[in-house]
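Here are a few short exercises to work through with the model open beside you. Try each task before reading its solution.

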Amino acid sequence: MFRRRITVRLVTGAAVATLLLSTAALPATATDIAAPKGLKVQRDLAEPTMINLAWTPPPGADHVRVSVFDGSTDSVRTFSPDTSTYQYPGSGECTRYRIRFAGVAPDGTSAEAAAVLVNSLAPGGLSSITGERLDEGTTGRISWTQPAWWGTGTDPGYRVTVTESSTGRQLVDTTTTDTSVTVLGIDKGLQYVAKVTPMNSSGGCFTSSHVLRAGRPSSPSKLVAIRDEVPSTVHLTWAKPAWEGYGSVTHYRVYYGDSVVSQEMDVTGTEVTIEGFNPEKDSKFQVVAYDGQLRGEPSPSFTLNRLGYAGEKELDPNVRIQEAGGVIDVTIDGPVGSSSSYPDLFLDINSATPNSTYSESHQIANRANALTFDKVPCGVFTVTVSGQGEAGSKEFGRVLVNQCQVGMLDKSLWRLVYGRADITGNVVDMSYGGEARVISQKPATSQDMALTTQATLKSGWGYGIWLRAFLPANANNASISGYTMQYDPGYGRINSFGPALLLRVWDNGKECSTPLARVKWPAGLEVNARHQVSAVVQGDALYMSIAGNRLFAVSSLKGALASSGCAAAGFKEPTGDQIGFRTWGSGTAAVFEQTTLN
């Protein structure tokens, strides 16, 4: 499969003025890249849980991507073009795998080969299982069809158990190579559960069950209520029970009512039309089958919503992205494919610096609730997880990853321009209280930037981080221009918003009184602790996070300057290429460590 995906995804955060998201396609020329060939996938003879993989890398590939999905986690690794083998450490006799190989060009274009499936060591599940009662219900017979896959072990067979539901008494516990068992002397008034597990020398994984029901009918199924053209009239349909008891169903009792079940009626067929409902209320329904006077099991209840009911809003998947040592771990609440609006999820990795062309786009395996990507190379990358569907695309998670601490700023690349601070190695310690400002001196050729830092507010009234800052090299004062992200617990004293993280603009040392955007401090996040702060400013857009929590995702800084009123007040758009830190207020102490700028 050949797929070319180039998208820009920026999701707006809370702001003083509404900031609209715009998505634009980037011009690009697709690279002619082929999928890997010569694919070989086989279990290791000495250690069958291990899976040996081999491939031939395609010409012109930057790397080869190999994805192994075990039914829960999609494990992704990348390999250089001079690597053509990999041994995947599988686990367990029950796991089945879906393995995908893709060639990836330097610009991120990829071509994927057809997936390779690896079956479990133990047998698969039964193809079918049925049961019946004989001799007026005193004998039971369970029959089944063998699995399509018997596994790679020896000594195939079945383990069979039959249990009395009401008492837990086990009537049968045996192994057999037959495809049926007969149980004598059962009580025709009681229910029994049979379980069958295909087995071999590697074990058994998949158990199928069948219920030998008692004399009464089972519950009707497929109960549906549809409102008529006259809203007070409802047409009800259902399917007969799968088990009608020893006799046959003579009639059905329909229970119904507005808001609660309050009325009943008997019918002989599997549908009925009922009048007199209040269309402004939810209507409830339930159906029970009868064999003469013998009452069966009730159907699941059905609610017909009132007219004008908007329905429940479908929740987007909750995605968490973490990185350690270049390995990306993604966890997803709700398996991939469970969202009807965004059934497809993609992991995208793109360079956040202009001097790198590394790019990856991987469609996360359907039904996965976790993904591991091993791993990104040294560099600074934006990692996003986004959904795609008929509604378009939507971003669910984003982190900035700096593998190998690229762009670390040491003491020589910092300058104290106001107040007091200690700068040692890569540590900027601003613990003297009062107003203090430090600015970077790293040469740059672009105002686009990616920043990471470990920030700790030890005490006091907050801190600020400068972005796109500018101060002339010969200046030795606080007249800095730029944007700041500021944690300001005192912001709640002047309005009802409470302690806030603010995005502000500065011009020649003066701060616009209206923030460009604001968000509350993330719930549950300790204030006086070390937190990873990340920011990307690219073109007219800004993205910023703290401890993995998105703070600001501004699609247009120019628009924010205008809508906040700062532009009308004379504040210019910052165009600097420096970063920095500031503190204010007596008793304030803040420390910034492991700061990188790229």
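A polar contact is a pair of N or O atoms within 3.5 Å; within protein, one of the two must be able to donate a hydrogen and the other to accept it. Keep in mind that the model is a predicted one.

**Exercise 1. A threonine and its contacts**

Task: Find the strand that holds Thr453, decide whether Thr453 is buried or exposed, and look for the polar contact of its side chain with another side chain.

Solution:
- Step 1. Thr453 belongs to strand β36, which spans residues 449-459.
- Step 2. The relative accessible area of Thr453 is 0%. Buried means under 20%, so Thr453 counts as buried.
- Step 3. The side chains of Thr453 and Thr595 make a polar contact at 2.7 Å.
- Step 4. A polar atom of the Thr453 side chain also lies 3.4 Å from the backbone oxygen of Glu593.

**Exercise 2. A sheet of four strands**

Task: Work out the order of the strands in the open sheet that contains β27 and β30, and say which strands stand at its edges.

Solution:
- Step 1. The order is β28-β27-β30-β31, and the pairing is antiparallel.
- Step 2. β28 (359-363) and β31 (392-403) are at the edges; each has a single partner strand, so one side of each has no neighbour in the sheet.
- Step 3. From one strand to the next, the twist averages 15 degrees.
- Step 4. Now look at one pair: β27 (residues 344-351) is joined to β28 by five bridges. Here Asp348 stands opposite Ser361 of β28.

**Exercise 3. A sheet of three strands**

Task: Do likewise for the open sheet that contains β18: which strands are its edges, and how many bridges link β18 to β21?

Solution:
- Step 1. This sheet is ordered β17-β18-β21, with antiparallel pairing.
- Step 2. The edges are β17 (221-227) and β21 (271-274), each of which pairs on one side only.
- Step 3. The average twist between one strand and the next is 15 degrees.
- Step 4. Four bridges link β18 (residues 234-239) to β21 in the antiparallel sense, and Thr237 faces Glu271 of β21.

**Exercise 4. The second largest pocket**

Task: Describe the lining of the second largest pocket: which strand gives the most residues, and how do the residues divide into nonpolar, polar and charged?

Solution:
- Step 1. The pocket holds about 830 Å³ of space. Of its 32 lining residues, Ile321, Arg398, Val399, Gly548 and Asn549 are the closest to the centre.
- Step 2. Strands that each supply at least two lining residues include β25 (318-324), β36 and β42 (530-538). The greatest share comes from β31, with ten residues.
- Step 3. The lining comprises eleven nonpolar, 14 polar and seven charged residues.
- Step 4. β43 (541-546) and β44 (549-554) also supply at least two residues each. These two strands pair with one another in the antiparallel sense over five bridges, and Tyr543 has Ala553 in β44 as its bridge partner.
- Step 5. Two residues lie between the strands of this hairpin, where Ala547 takes a positive phi near 50 degrees.

**Exercise 5. An aspartate and a valine**

Task: Place Asp266 in its strand, and find what distance separates its C-alpha atom from that of Val537.

Solution:
- Step 1. Asp266 is in strand β20 (residues 263-267).
- Step 2. With a relative accessible area of 43%, Asp266 is partly exposed.
- Step 3. Asp266 and Val537 are 271 residues apart along the chain, and their C-alpha atoms are separated by 70 Å.

Note on methods. Residues numbered from 1 in each chain as written. Predicted model: local features only at pLDDT ≥ 70, side-chain atom pairs only at ≥ 80, totals over all residues. Heavy atoms only, no water. Pairing = 2+ DSSP bridges. Axes fitted to C-alpha atoms, helices over the stretch in contact; angles between N-to-C directions. 1 Å grid on protein atoms, 1.4 Å probe; cavity = no way out; pocket = protein on both sides within 12 Å on 5 of 7 lines; lining within 4 Å. Points joined across faces, edges and corners; volume = space filled by probe spheres on them. Nonpolar A, V, L, I, M, F, W, Y, C, P; charged D, E, K, R; others polar. Buried < 20%, exposed > 50% of the residue type's maximum accessible area, 1.4 Å probe, protein only.
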